[in-house]
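Let's walk through a protein model together, going from one residue to the next and looking at what surrounds each of them. Please keep the viewer open as you read.

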Amino acid sequence: MSKERIVITGGNGFIGSNLVLSLLKKECFDIVVMDNKQSNNEKIKTFIGNFSDKEFISKIINEDDTVIHLACTTVTHTAENNRQTDIEDNIIGTINLLDVCVEKKVKKIIFASSGGTVYGEITGDQPSKETDCVHPVSAYGIMKVTVENYIKLYNKLYNLPYVIMRISNPYPRFQFSKSKPGVVDIFLDSFVNGREINVFGNGKSERDYIFIDDLIKFIISIIEKRKMNETFNVGSGKSTSIESLLKIVESATDKKTKINYMKSKNFEVEKVSLDINKAKKELGWQPEYTIEKGVMKAFSQLAEQNHVA
C-alpha cells in the first residue's frame, strides 16, 4: 500500500517540526517539507524556497497530496510594523499556493489560522465559537481572516477541500523556535535565570494556552479522520490571565523575579477564550494538558536542556 503524501509548508518551524516528528512515528505517511531553511532531520525530504513561488511549489505538490499550510512570515507585532509585507507574503503568497493546489487537485489543504486574533475583543463571559462573527483588531488577525475567506472562496469556485484550524497560543517553543519565543517560554526563562519580566498591561488579560503535544494530536486526527470543509477552534478550552500564568510559572520553578508592568499595546485583545466542543464532538479529540501540567512539563524540558538545578 502506498503511503499518504503530506506536504507541510513551514515544516521546519515550531509546529511543523513537532508535527513531522509525530508523523514519522506513524510510518504510514510520505512527508515532504517546504521551508526557507534546511531541516536537521535527514529522514525528511526538504525543499528550500518560498511557499508563494508558484514555479517552486508546482514542482513539489502532487495530485492527492494533503497540504498543511503552517508557513507564515509574521507574528502579531511584526505584522503591525510592516502591513504591506504581511499582505504580500501571507495573503498573496497563500493565493499562489491555493492556485497550485487547485491545479494539482490536492486531497485537501489544512490551514493554521489564529484563534487568538480572528475573533477580536470578546464581549461577555462566553468563549468564542466557530460560528461567531470575526472582528479582528490587528493586522495579523485581518490577514488570517482574509486567508480563511480565500480558502472558502476556492472551495466554492473550484471545490478545493479544506480544514481551517483556529489555534490558540501553543507552547513551549524553546526547543524549536528560539528566535520567536512565546510568553510561557519567556516567563520560564526569566524566572530560571533571574531576569526581570516586562508585562504589557495590568496582568488581567487572558489567553488560551495549548500544549504543543495536544495541538499535534489534533492535526493528526484531522488527517486521519478525513474531515473536509470545516473550521475548528483548537485550544485548551480554558483562558488564563497573565497574572495567573506568572504564579503558575513561579510555582513550577520555585523561584521569584521582578515584574514590571508596562503600557498595553493597542492591537492586543484583552481576552482570548475558545470553545473547543466542536473538536471534541466531531473528532473525539481532548486536550490532555492543563496549563499547570503543561508549564511543569515545559519547565522539566527546559531544565533538562539547560541542566538547571
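Lys 108 is a good place to begin in this predicted model. Leaving out residues up to four places away in sequence, Lys 108 touches Asp 65, Thr 66, Val 67, Pro 161, Tyr 162, Ile 222, Ile 223, Arg 226, Lys 227 and Met 228. The residue belongs to strand S5, which covers residues 108-114.

Which side chain of opposite charge is nearest to Lys 108? That is Glu 4, at 6.6 Å, and Lys 108 is buried yet has no salt bridge. A salt bridge needs a side-chain nitrogen of Lys or Arg within 4 Å of a carboxyl oxygen of Asp or Glu. Backbone oxygens do come within reach of the Lys 108 side chain, however. A polar atom of this side chain lies 2.9 Å from the backbone oxygen of Ile 222, and the side chain also reaches the backbone oxygen of Lys 227 at 3.1 Å.

Lys 227 has a partner of its own: its side chain meets that of Glu 282 in a salt bridge, with an N to O distance of 3.3 Å. This pair links distant parts of the chain, since Glu 282 is in helix H9 while Lys 227 is in the loop between H7 and strand S10 (230-234), 55 residues apart. Glu 282 counts as partly exposed because its relative accessibility is 32%.

Salt bridges that share partners also join Arg 5, Asp 30, Lys 45 and Asp 65 into one network. Asp 65 is, in addition, among the residues that Lys 108 touches. In total, the structure holds 20 salt bridges. Three of them are set out here:

| Salt bridge | Closest N and O atoms |
|---|---|
| Arg 195 and Asp 189 | 2.3 Å |
| Glu 288 and Lys 217 | 3.2 Å |
| Glu 282 and Lys 227 | 3.3 Å |

The pair of Glu 288 and Lys 217 forms a salt bridge. Where do its two members sit? Glu 288 is in the loop between helix H9 (277-283) and H10, and Lys 217 is in helix H7 (residues 212-225); the pair links distant parts of the chain, 71 residues apart. With a relative accessibility of 39%, Glu 288 counts as partly exposed, and Lys 217 is partly exposed with a relative accessible area of 44%.

Now turn to the pair of Arg 195 and Asp 189, which takes us to helix H6. Arg 195 is partly exposed, at a relative accessible area of 43%. Asp 189 is partly exposed as well, with a value of 27%. Besides its salt bridge with Arg 195, Asp 189 has a polar contact, side chain to side chain, with Asn 193 at 2.9 Å. Asn 193 is placed in helix H6 and counts as partly exposed because its relative accessibility is 42%. Its C-alpha is 8.9 Å from that of Thr 257, although the two residues are 64 apart in sequence.

Which residues of helix H6 (residues 183-193) are buried? They are Val 184, Asp 185, Phe 187, Leu 188, Ser 190, Phe 191 and Val 192. An α-helix has 3.6 residues a turn, so residues three or four places apart point the same way. The cover over the buried residues of H6 includes strands S7 (169-171), S8 (197-200) and S9 (206-211), together with helices H8 (242-253) and H10 (291-306). After H6 comes Gly 194, with a positive phi near 70°.

Another stop is Asn 12, in the loop between strand S1 (4-9) and helix H1 (14-26). Buried or exposed? Asn 12 counts as buried because its relative accessibility is 9%. A polar atom of its side chain lies 2.6 Å from the backbone oxygen of Lys 37. Apart from neighbours within four places in sequence, Asn 12 is in contact with Ser 17, Val 33, Asp 35, Lys 37, Gln 38, Ser 39 and Thr 46.

Lys 37 lies in the loop between strand S2 (29-35) and strand S3 (45-48). This lysine counts as partly exposed, at 41% relative accessibility. Its contacts, again without neighbours within four places, are Asn 12, Gly 13, Thr 46 and Ile 48.

Finally, look at the surface: Tyr 150, Leu 153, Leu 157 and Tyr 158 make a nonpolar patch of about 380 Å². Tyr 150 is in helix H5 (residues 139-158) and counts as partly exposed, at 32% relative accessibility.

Key:
Residues are numbered from 1 along each chain as its sequence is written. This is a predicted model: local features need pLDDT of at least 70, side-chain atom pairs count only at pLDDT 80 or more; totals for chains, interfaces and linings use all residues. Side-chain values use heavy atoms; hydrogens and water are left out. Buried means under 20% relative accessible area, exposed over 50%, partly exposed in between (1.4 Å probe, protein chains only). Helices (H or I, at least four residues) and strands (E, at least two) are DSSP runs, numbered from the N terminus. Contact means heavy atoms within 4.5 Å. Lys and Arg count as positive and Asp and Glu as negative; His and the chain ends are not counted. A polar contact is a pair of N or O atoms within 3.5 Å; within protein, one must be able to donate a hydrogen and the other to accept it, and residues adjacent in sequence count only if both atoms are side-chain atoms. Patches are made of residues with over 30% relative accessible area and no salt bridge: like charges are joined within 9 Å, nonpolar side chains (Val, Leu, Ile, Met, Phe, Trp, Tyr) within 5 Å. Accessible areas come from the Shrake-Rupley method with a 1.4 Å probe; for residues, only the protein chains shown count as cover.
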